[in-house]
Amino acid sequence: MSLFDRMELKTVNEGINAVRTTPGAFLVDIRPKDAFKADHVQGAVNIPSTRLDLAENRIKDKSALIYIVGDYYHKPRVGIKGLKKMGFTNVHSCGYMEEHNVRPM
């Protein structure tokens, strides 16, 4: 990851806002299906990191804005690297669900 990539990182909430305000954008959750079913952001698409090949069927426009959310075990950078290798060009990280789900005490 380059310095430029680190400057591009967004929080989950920033990614959600970007996706919700950009027509044709996607929030992709790369956690396993069971983790996604237990808790996920409404409107997110579940494409587990072990099944990134599903992205080509679910996201037809390879230039669409895509934000990847993962967790500490399923890192967003894995999804970014895999989707870019498949030809998706506008893929970014928006962090970890553990950070999104923090509840104030």
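**A tour from His92 across the sheet**

Begin by selecting H92, which is buried in this predicted model, with a relative accessible area of 17%; the model calls a residue buried when that value is under 20%. H92 is found in strand β4, which covers residues 91–96. Show the side chain of N90 as well, since the side chain of H92 makes a polar contact with the side chain of N90 at 2.7 Å.

Next, widen the selection to the strands. Four of them form an open sheet in the order β2-β1-β3-β4, and the pairing is parallel. Strands β2 and β4 stand at the edges, each with a single partner strand, so one side of each is left without a neighbour in the sheet. In general, strands of a sheet pair through backbone hydrogen bonds, in either the parallel or the antiparallel sense.

Now select β1 (residues 26–29) together with β3 (residues 66–70), which pair in the parallel sense over four bridges. Within this pair, F26 stands opposite I66 in β3, and V28 stands opposite I68 in β3. Stay on V28 and turn to the other neighbour of β1: strand β2 (residues 45–46) runs parallel to β1 and is joined to β1 by two bridges, and here V28 stands opposite V45. To follow the chain from β1 to β2, select helix α3 (residues 33–38), through which the chain crosses; this β-α-β crossover is right-handed.

Return to the sheet as a whole, with its order β2-β1-β3-β4. Helix α5 (residues 76–85) packs on this sheet, where the helix touches β3 and β4, and the direction of α5 makes about 165 degrees with that of β4.

What should be selected to find the residues of the largest nonpolar core that touch the most other members? Select I66, I68, L83 and F88, which hold that place among the 15 residues of this core. Strand β3 and helix α5 each supply at least two residues of the core. In soluble globular proteins, nonpolar side chains tend to be buried together.

Centre the view on F88 and display its surroundings: leaving aside its neighbours within four places in sequence, F88 is in contact with A55, E56, I59, D61, K62, I66 and L83. Apart from the largest core lies another core, of 14 residues, and to see part of it the last selection can be I16, V69, C94 and M97, which are among its members.

Terms used
Residues numbered from 1 in each chain as written. Predicted model: local features only at pLDDT ≥ 70, side-chain atom pairs only at ≥ 80, totals over all residues. Heavy atoms only, no water. Pairing = 2+ DSSP bridges. Right-handed = clockwise from strand over helix to strand, strands pointing away. Buried < 20%, exposed > 50% of the residue type's maximum accessible area, 1.4 Å probe, protein only. Polar contact = N/O pair within 3.5 Å; in protein donor to acceptor, adjacent residues only side chain to side chain. Contact = heavy atoms within 4.5 Å. Axes fitted to C-alpha atoms, helices over the stretch in contact; angles between N-to-C directions. Core = buried A, V, L, I, M, F, W, Y, C linked by side-chain atoms within 4.5 Å.
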